[in-house]
Amino acid sequence: MSIMDQNGGSVIAMVGKDCVAIASDLRMGNQALGISSNFQRIFPVTDRIFLGLPGLATDVTTVHERLRFRLNMYTIKEEREIEPETFAHLVSSTLYEHRFGPYFVEPVMAGISKTPSGGVKPFIAATDLIGCLNFAKDFVVAGTASTKLYGVAEGLWEPDLGPEDLFETISQTLMNAVDRDAFSDDTSRVILTEVDHTQGNALNTTVVILNWSRFDNVRLITSTMCEHLLENTVKSVLVWNNNPLPLSYEDFVNTTCPKKALKIINSPKNLYFEARYMACAQADTAACFIQDDDYLVRPDTIRMLALRMNENSLESIHLLPPEEMLSSQLRTTMIEDLVHTTFSWLGYGTIIR
């Protein structure tokens, strides 16, 4: 068995009309033994570029971190955002440097590139494990289910698919292909990028975290939010510091938060829980997610909260553990049809509009 099949996993990218999509399964295993069904293989590079990394799990992490370092160096040196074509060659050269002891990954890249005339166009590419580039105008595949993906995509893909049709096509392609591959899984992730914006969930949420005496927790929560959410739900993380000791971005340098997505407010005094609402008032997004620094909400939960807010036009959703849910229901007060009030702890996680 090839070392490329050790941990399983598959990635596919497709081109549509003024849009591009990339998708992967989430399985990570030891050959036929499943270990995790939530292993990340698609990583945001910029707002317009995404990178898929199927292959050996340890090398996925290594290559992602190495490319993140080289991307940061490029941004510092060039003082501009990297283009998809340039990033593809950066990936290729990084892998070719290690051709005599290669990383066991087969990168897949998807993004929206700018043309010399000022327009934009979708872009996809893939490489083998030593960096040989393959540019395509329809789709590219990689991973243990690559042969199945290629066959299904040949039958389903059509030129000039719109965003909704492309999303449906790549989803059906992935789901039908991994059903025929024992080393891939039917849990999947799809990201669709259009000329003007990225779909999935819109970047419509600001996360507010209050800091008082548990800064290590605040740093962990901030890192978790940025790593898992910034690419498709959360636009920014706002840390309101009630502690008299001031905070700065340097205190969060080891987190995964880019500087432009992290806002820190050092309060002149301890405003207690009033600070939640003052922080939300400064958010430039439609929704605001609040949580305490002693409670960690899973990123997938926040993503679903934001999605439900959008779908149902709700004003707020509160998360409560079972015992608090019962307590809140017992304290519900209704006065005819005019007043309906209850109690809840916002610190367990609350999204408000």
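What share of the contacts in the protein with a separation of 6 or more comes from residues 24 or more positions apart? The figure is 68%. Keep in mind that this is a predicted model. It has 8 helices and 20 strands, and 48% of its 353 residues are buried. Here's a quick tour, topic by topic.

**The outside**

- The accessible surface of the protein adds up to about 17,800 Å². Carbon and sulfur atoms hold 54% of that surface.

**The β1–β2 hairpin**

- Start with strand β1, which covers residues 10-16 and runs antiparallel to β2, with 6 bridges joining the two.
- To find one of the matched positions, look at Met-14: its bridge partner in β2 is Ala-21.
- Strand β2 spans residues 19-25, and 7 of its 7 residues are buried.
- In a regular strand, side chains alternate between the two faces of the sheet. In β2, both of those faces are covered. Cys-19, Ala-21, Ala-23 and Asp-25 are buried on one side, while Val-20, Ile-22 and Ser-24 are buried on the other.
- The hairpin has 2 residues between its strands. Asp-18 sits in that loop between β1 and β2.
- Asp-18 isn't a glycine, yet it has a positive phi of about 60°. Its relative accessibility is 42%, so Asp-18 counts as partly exposed.

**A five-stranded sheet and its helix**

- Five strands make up an open sheet in the order β5-β6-β7-β8-β9, with antiparallel pairing.
- The edges are β5 (42-44) and β9 (133-136), and each of these pairs on one side only.
- On average, neighbouring strands in this sheet are turned by 25° against each other, ignoring direction.
- Within the sheet, β7 (residues 108-114) and β8 (residues 120-127) pair in the antiparallel sense over 7 bridges. Val-108 stands opposite Ala-126 in β8.
- Helix α2 (residues 84-97) packs on this sheet and touches β6 (49-52), β7, β8 and β9. The direction of α2 makes about 145° with that of β7.

**Phe-123, a residue worth clicking on**

- You'll find Phe-123 in strand β8. Is it buried or exposed? At 8% relative accessibility, Phe-123 is under the 20% cut-off, so it counts as buried.
- Leaving aside residues up to four places away in sequence, Phe-123 touches Val-20, Pro-84, Glu-85, Ala-88, Met-109, Ala-110, Gly-111, Ser-113 and Phe-135.
- One of those contacts, Val-20, is among the buried residues of β2.
- Phe-123 and Arg-48 are 75 residues apart in sequence, and their C-alpha atoms are 10.0 Å apart in space.

**Aromatic rings**

- A pair of aromatic rings is described by the distance of the centres and the angle of the planes. This structure holds 4 aromatic pairs.
- One of them joins Phe-139 and Tyr-150 in an edge-to-face arrangement, with 5.5 Å from centre to centre and 65° between the planes.
- What does that pair tie together? Phe-139 lies in strand β10 (residues 139-143) and Tyr-150 in helix α3 (residues 146-156), so the pair links parts that are 11 residues apart in sequence.
- Phe-139 is buried, with a relative accessible area of 6%, whereas Tyr-150 counts as partly exposed at 46% relative accessibility.
- Trp-157 joins in too: ring pairs link Phe-139, Tyr-150 and Trp-157 into a cluster.
- Elsewhere, Arg-99 lies over the face of Tyr-96, at 4.2 Å from the ring centre.

**Another loop residue with a positive phi**

- Asp-160 is not a glycine either, and it has a positive phi of about 60°.
- Asp-160 is in the loop between α3 and α4 (163-178). How accessible is Asp-160? Its relative accessibility is 58%, so Asp-160 counts as exposed.

Notes
Residues are numbered from 1 along each chain as its sequence is written. This is a predicted model: local features need pLDDT of at least 70, side-chain atom pairs count only at pLDDT 80 or more; totals for chains, interfaces and linings use all residues. Side-chain values use heavy atoms; hydrogens and water are left out. Helices (H or I, at least four residues) and strands (E, at least two) are DSSP runs, numbered from the N terminus. Buried means under 20% relative accessible area, exposed over 50%, partly exposed in between (1.4 Å probe, protein chains only). Contact means heavy atoms within 4.5 Å. Accessible areas come from the Shrake-Rupley method with a 1.4 Å probe; for residues, only the protein chains shown count as cover. Two strands pair if DSSP finds at least two bridges between them. Rings of Phe, Tyr and Trp (its six-membered ring) pair if their centres lie within 6.5 Å; planes under 30 degrees apart count as stacked, over 60 as edge-to-face and the rest as tilted. A charge sits over a ring if NZ of Lys or CZ of Arg is within 6 Å of the ring centre and within 35 degrees of the ring normal. Axes are lines fitted to C-alpha atoms, for helices over the stretch in contact, and angles run from 0 to 180 degrees between N-to-C directions.
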